[in-house]
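The exercises below ask you to read helix packing and sheet architecture from a single model, and each is followed by a solution that proceeds step by step. Please keep the coordinates open while you work through them.

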Amino acid sequence: MERMTPIDAQMYWMSSRVPNDQFLLFAFDGEVGNLESAIDDVLGRAASNVDLTLRVADPGCAFDYPYWVRHGVGPDHVAVHQLPQPTWSGCLAAVQDLFADQLDLRDSVWRLHVFEDVGDVPRCQGSATVVVLQIGHALADGRRATGVARSLFVDVGEPRRSVAAKPESGYSTVRAATVAAIRTPKQLGSLGLRGLNAAVTHRRLVADVADGSVPAQADVRPALPTNNRPEGRRAIRTLVRDRDDFPGPTVTVGALAAISLGLSEHLAGQGVDTATLGAELTVAKQGKPLARNHFRNVGVELFSTTPSWERRTEQIAEALMHRRSRGAHPALRAADEAFAAVPAPLLYWGTTQFDPTAVAPMVIGNTVVSSINRGPADLTFGGAPVAFTAGYPALSPAMGVTHGVHGIGDTVAISVHAAESAIGNIDDYLESLSASIAWNRIVAGR
């Protein structure tokens with residue numbers, strides 16, 4: 001058994017209030033000749049990945065954190081879907097419908113969805129096969145989930161066959177409660193020591209900010225319609241482009257510059273003042289991971305009023321550098337270590353106090369952006385090569401528009417997940433975003 005860390009347990013407990021399953025989409029160029037064999041190969045590889053042979057054992061009380069226990073891999077982990085409209089748009093509509101069927105991690109932490117013979121898929125000749133990995137966020141953050149997904153589609157020789165369920169090491173609620181009772185006093189002592197260290201390093205952080213050696217915390221900004229509670233029609237869309245379509249020091253910066261222009265123009269057309277437009281960006285933490293979810297969300301201004309593309313890109317890159325620089329300060333690591341010592345009853349109580357209906361006038365960002373490189377384009381499914389990959393960050397009560405930026409090989413997909421209450425017509429926004437990507441490449445001289 002593996003005891004769930006406080007960070008991952010919080011993600012698990014929060015999923016009942018704010019659904020947070022991840023959906024990693026991979027488009028493969030071509031039809032699969034023998035689907036049953038392709039699925040069997042994937043299941044064999046899944047059986048070799050420890051993360052995919054787990055499920056959650058939840059004591060159902062606040063005495064202890066949940067546990068990861070061994071679980072078998074079998075055909076019930078794969079669902080093959082028949083599309084009413086076997087087109088790319090019909091496939092995206094079907095993937096959007098999957099968001100309503102969140103995983104129960106006590107039964108399974110992942111599921112693979114397969115869509116055959118999909119027409120007009122970008123970068124694909126003829127019919128394509130679209131495969132979506134649905135995975136619980138408590139099990140893995142975006143980068144770890146990428147590694148899990150790659151393990152399913154990288155040919156590393158003859159895969160193991162799928163395996164039956166394994167014993168769960170004698171887990172029981174009574175045992176968990178007993179162990180937790182013993183552990184809690186130890187945790188309280190550890191929390192005290194780590195809390196003291198966090199306080200000391202925080203005072204150092206304050207001093208470093210005062211003398212200018214460390215950037216200050218990012219400013220919060222006014223909520224915009226994109227922060228509206230998701231209501232009405234929800235939809236996902238994806239634009240598939242080349243790496244050169246996102247000029248700048250990194251794909252992430254290039255994508256943020258495109259989102260800045262496209263989103264500000266779209267909102268301005270609705271009479272919204274976007275002078276303070278900013279993004280909530282997921283950034284990997286530094287140092288050895290203390291949990292499966294090893295990231296933090298940071299606020300990055302998008303400088304929507306800067307007319308020059310070159311200057312806007314420089315400002316975004318500088319803002320992102322400041323967030324990373326602050327994230328490297330020992331105070332943030334000390335705070336994470338203190339959080340990792342919080343006893344289960346305390347964190348469980350705090351999680352139950354979250355009110356998903358509360359509306360905040362000030363926010364970290366007006367849209368979420370998750371940017372992940374999914375590695376070389378060496379993935380296959382049933383012999384079909386990968387064409388591109390995409391992802392759709394979940395919506396939340398205070399975030400009705402999210403963006404995913406996912407690269408594989410030299411191809412980058414920029415995706416939008418939005419509710420009508422926050423974006424209006426998503427296709428109108430997609431036109432603005434597409435135009436901003438093209439414009440940025442033109443002015444960059446590429």
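**Exercise 1.** Determine which residues of α1 meet which residues of α9, and describe how the two helices pack.

*Solution.* The starting point is the list of residues in contact: Pro-6, Gln-10, Trp-13 and Met-14 on the side of α1 meet Ala-344, Leu-347, Tyr-348 and Thr-351 on the side of α9. Sorted by character, the residues of this contact comprise 6 nonpolar, 2 polar and no charged. It should be kept in mind that the model is a predicted one. The next step is the geometry: α1 (residues 6–14) and α9 (residues 344–352) pack at an angle of about 35 degrees, and their axes lie 10 Å apart. Finally, the sense of the crossing, in which α1 passes α9, is right-handed.

**Exercise 2.** Describe the packing of α2 and α4, and decide whether the two helices are parallel, perpendicular or oblique to each other.

*Solution.* Two packed helices are described by the angle between their axes and the distance between the axes. For α2 (residues 35–47) and α4 (residues 142–153) the angle is about 130 degrees and the axes are 8 Å apart. Angles from 65 to 115 degrees count as roughly perpendicular and those over 145 as roughly antiparallel, and α2 and α4 are therefore oblique to each other. The crossing of α2 past α4 is right-handed. On the α2 side the contact is made by Val-42, Arg-45 and Ala-46, and on the α4 side by Ser-151, Leu-152 and Phe-153, a set that divides into 4 nonpolar, 1 polar and 1 charged.

**Exercise 3.** Work out the strand order of the sheet that contains β6 and β7, and find which helices lie against this sheet.

*Solution.* The order is β5-β6-β7-β2-β15-β14, so written for an open sheet of 6 strands with mixed pairing. Its edges are β5 (78–81) and β14 (380–381), each of which pairs on one side only. Within the sheet, β6 (residues 110–118) and β7 (residues 128–135) are antiparallel partners joined over 7 bridges, and Leu-112 stands opposite Leu-133 of β7. As for the helices, α2 packs on the sheet by touching β5, β6 and β14, with its direction at about 155 degrees to that of β6. Helix α3 (residues 88–98) lies across β2 (22–28), β5, β6, β7 and β15 (384–391), and runs at about 160 degrees to β6.

**Exercise 4.** Carry out the corresponding analysis for the sheet that contains β16 and β17.

*Solution.* This open sheet has 6 strands in the order β9-β17-β16-β13-β10-β11, and its pairing is mixed. The edge positions belong to β9 (234–242) and β11 (295–301), which each pair on one side only. Neighbouring strands are turned against each other by 20 degrees on average, if direction is ignored. Strands β16 (residues 401–408) and β17 (residues 411–419) run antiparallel and are joined by 8 bridges, with Val-405 opposite Ile-414 in β17. Helix α4 packs on this sheet, touching β10 (278–284), β13 (367–373) and β16, and its direction makes about 45 degrees with that of β13. Helix α6 (residues 251–268) also packs on the sheet, where it touches β10, β13, β16 and β17 and makes about 150 degrees with the direction of β13.

**Exercise 5.** Check the radius of gyration of the protein chain against the value for a compact globule.

*Solution.* A compact globule of 446 residues would have a radius of gyration near 22 Å, and the protein chain, at 22 Å, agrees with this. Along the principal axes, the C-alpha trace spans about 65 × 65 × 40 Å, and the chain in question has 11 helices and 17 strands.

How values were computed
Residues are numbered from 1 along each chain as its sequence is written. This is a predicted model: local features need pLDDT of at least 70, side-chain atom pairs count only at pLDDT 80 or more; totals for chains, interfaces and linings use all residues. Side-chain values use heavy atoms; hydrogens and water are left out. Axes are lines fitted to C-alpha atoms, for helices over the stretch in contact, and angles run from 0 to 180 degrees between N-to-C directions. Helices (H or I, at least four residues) and strands (E, at least two) are DSSP runs, numbered from the N terminus. Angles under 35 degrees count as roughly parallel, over 145 as roughly antiparallel, 65 to 115 as roughly perpendicular and the rest as oblique. A crossing is left-handed if the near helix is turned anticlockwise from the far one by less than a right angle, and right-handed if clockwise. Contact means heavy atoms within 4.5 Å. Ala, Val, Leu, Ile, Met, Phe, Trp, Tyr, Cys and Pro count as nonpolar, Asp, Glu, Lys and Arg as charged, and the others, Gly among them, as polar. Two strands pair if DSSP finds at least two bridges between them. The radius of gyration is taken over C-alpha atoms; the globule rule is 2.2 Å times the number of residues to the power 0.38.
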